[in-house]
Amino acid sequence: MASFTSTICTGATSFSSRLCIPPAALLHFWRRRHTFSSYRPAPLKLSHFLGASKISLPTVKPKFIGWRSVCTRADGRSDQICEAEQVQRSHAAGGTVGKFQKRLRIADIKAGPAQGLERVGQCLSVRGWVRTCRVQRSITFIEVNDGSCLSNLQCVTASDVEGFDKVHSGLITTGTSVLIDGVLVASEGSKQKIELKATKLVLVARVRNALAYATHKYFQDMGFVWVASPIITGSDCEGAGQQFCVTTLLPFSQEDVGSPVSKIPSTKDGSIDWSKDFFGKPTFLTVSGQLNGETYASALCDVYTFGPTFRAENSNTSRHLAEFWMIEPELAFANLNDDMACATAYLQYVLRYILDNCKEDMEFFNTWIEKGIIARLNNVVEKEFVQLTYTDAVELLLKAKKQFQFPVKWGCDLQSEHERYITEEAFLGSPVIITDYPKDIKAFYMRQNADGKTVAAMDVLVPKVGELIGGSQREERLELLESRMEELGLDKETYWWYLDLRRYGSVPHAGFGLGFERLVQFATGMDNIRDVIPFPRTPGSAEF
Ligand code: 4AD
Ligand code: MG
């Protein structure tokens with residue numbers, strides 16, 4: 001295998017290109033995705049957003065190695081690239097794999113107060129994708145972006161380049177991947193035009209990545225242990241029956257999809273014979289890692305899970321996915337107050353992190369997606385969250401001079417319109433924590449309050465999104481938990497291990513779950529949750 005080096009070069013300058021996935025393919029995904037939903041953002045242009053670039057990379061007698069048009073292989077890679085890799089591999093055979101190094105990216109080149117001017121004179125090699133290619137009489141400007149930052153690097157090449165006719169014949173277009181070597185020089189710079197739609201997805205991916213990093217950093221710095229909760233489970237954590245079944249009784253490969261129903265094993269009484277299934281019992285994709293998190297919290301005190309969760313709810317809304325990621329901290333020796341304090345501190349930390357570390361991207365969202373989002377997030381980071389009980393929230397809704405689609409009365413589940421009214425209108429954009437919900441609308445594991453009617457639950461509501469976090473103190477008293485499970489008709493046998501946590505060494509504990517895509521939505525101002533996850537799964541759509 002060839003070694004990766006950070007691309008300082010000395011030899012002749014060369015050009016090569018091949019067909020790759022992002023960002024041209026992201027644009028393609030975006031188009032495909034929005035064929036399936038009615039959501040269509042305005043086709044904005046970025047032409048007035050980007051400032052003049054301070055540096056540029058002129059190429060010195062570049063030599064073209066390959067073009068995307070030569071891409072004929074099934075795997076979408078050019079023969080020349082594959083040949084080049086083959087040669088590199090054969091050179092490496094019998095030798096060492098080389099040192100793995102961080103690659104120099106456009107963001108690194110432009111980093112620092114002088115925006116890259118301090119590197120003027122250096123020979124660099126840049127890999128990325130063409131955003132624009134402007135051919136002029138004697139010179140061609142190619143704007144290259146490698147996904148490391150919002151702005152491009154302008155590469156300038158003269159017409160005496162070997163294979164320059166390919167530029168004229170239009171083979172260098174938006175999305176072509178290129179490798180360009182050259183010397184960095186100071187330039188006058190120029191403004192560029194970029195398709196916003198493709199760019200937006202790239203930016204969201206970067207902010208999403210930063211939020212994931214900040215999540216791990218926060219919990220790790222606070223001494224939490226990350227636990228990998230299982231994706232396949234036999235229990236329904238939320239008890240809402242919204243699970244996808246995992247089975248090998250049904251056809252389990254593309255070839256078998258046409259097999260007859262009579263092939264499914266059944267018992268004498270005609271029901272499905274689950275003993276013949278892979279795990280010998282019905283199993284499902286998890287809706288939450290919480291119950292597993294509780295087992296580890298009982299030994300390690302503070303833990304968190306961060307993984308994919310699945311819900312088969314038929315909700316075609318801008319805030320529901322069938323597959324989404326959830327962060328679920330679980331704190332031993334903690335009550336509902338500790339839980340709310342942890343949720344607040346964590347949320348403020350990750351938002352502060354992106355405000356400090358994704359400045360360029362956040363400016364973009366502030367300008368093009370949601371005006372004022374930076375000020376709004378700063379507000380969330382600095383102010384205390386409002387807190388009120390469910391009972392007070394219902395009273396507030398009943399007094400509201402607003403016609404809701406879903407009528408409000410004590411005991412009802414709060415709908416998105418109610419949650420958004422509370423956080424957006426009643427408390428003017430501040431996050432609101434609602435506590436002490438009626439036990440009948442919450443899950444079986446929540447700790448019962450002394451009033452016999454409510455549980456020690458909390459939901460954090462934020463503008464645009466509504467419920468961002470759902471959490472509770474857990475019922476640690478065995479008898480009360482068992483009687484609640486009986487009331488709800490849950491099979492205690494299935495939960496024997498969960499009940500054992502109460503039988504042996506039970507302690508007060510609490511936790512919460514934050515929907516990661518809703519966090520990305522909240523942090524970027526994106527309207528539709530489908531646009532903040534690379535490959536959204538929603539009712540009727542599992543493309544790519
Ligand atoms: O409120 P939920 O259902 O809580 C739980 O699953 C608990 N077991 C969490 C815990 O205490 N450890 O879900 C938690 C969060 C919601 O607040 C919401 O942000 C997100 O998960 N969520 C969804 N996000 C996208 N699509 C869906 N269909 C979602 N359902 C819930
Ligand atoms: Mg909830």
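In this predicted model, K453 lies over the face of W410, 5.2 Å from the ring centre. A charge is taken to sit over a ring if NZ of Lys or CZ of Arg is within 6 Å of the ring centre and within 35 degrees of the ring normal. R502 is likewise placed over the face of Y498, at 4.1 Å from the ring centre. Because the model is predicted, local features need pLDDT of at least 70 and side-chain atom pairs count only at pLDDT 80 or more, while totals for chains, interfaces and linings use all residues. Residues are numbered from 1 along each chain as its sequence is written, chains are lettered from A and ligands numbered from 1 in the order in which they are written, and side-chain values use heavy atoms, with hydrogens and water left out.

R502 also belongs to a network of salt bridges that links E294, E330, R474 and R502. A salt bridge is defined as a side-chain nitrogen of Lys or Arg within 4 Å of a carboxyl oxygen of Asp or Glu, and the whole structure contains 25 salt bridges. Within the network, R474 and E330 meet through their side chains at 2.8 Å, N to O. R474 lies in the loop between strand 18 (466-473) and helix 12 (478-487) and E330 in strand 14 (residues 323-332), so this salt bridge ties together parts that are 144 residues apart in sequence. Helices (H or I, at least four residues) and strands (E, at least two) are DSSP runs, numbered from the N terminus. R474 is buried, with a relative accessible area of 2%, and E330 is buried with a relative accessible area of 2%. Buried means under 20% relative accessible area, exposed over 50%, and partly exposed in between (1.4 Å probe, protein chains only).

The loop between strand 18 and helix 12 also holds E476. This residue forms a salt bridge with R447, the closest N and O atoms being 2.9 Å apart. Since R447 lies in the loop between strand 16 (432-435) and strand 17 (457-462), the pair ties together parts that are 29 residues apart in sequence. E476 counts as buried, at 13% relative accessibility. In helix 12, the side chains of E487 and R484 meet in a salt bridge of 2.5 Å, N to O. E487 and R484 are three residues apart, a separation of about one helical turn. E487 is exposed, at 53% relative accessibility, whereas R484 is buried, with a relative accessible area of 4%.

A pair of aromatic rings is described by the distance of the centres and the angle of the planes. Rings of Phe, Tyr and Trp (its six-membered ring) pair if their centres lie within 6.5 Å; planes under 30 degrees apart count as stacked, over 60 as edge-to-face and the rest as tilted. By this rule there are 19 aromatic pairs. F404 and Y421 form an edge-to-face pair, 5.7 Å centre to centre with 80° between the planes. F404 is in the loop between helix 10 (390-399) and helix 11 (416-426) and Y421 is in helix 11, 17 residues apart. Both F404 and Y421 are buried. The rings of F444 and Y495 have centres 5.4 Å apart and planes at 65°, so this pair is also edge-to-face. F444 lies in the loop between strand 16 and strand 17, and Y495 in the loop between helix 12 and helix 13 (496-503), 51 residues apart. F444 is buried at 3% relative accessible area, and Y495 is buried at 4%. One aromatic cluster is formed by Y218, F219, F224, Y304, Y346, Y349 and F512.
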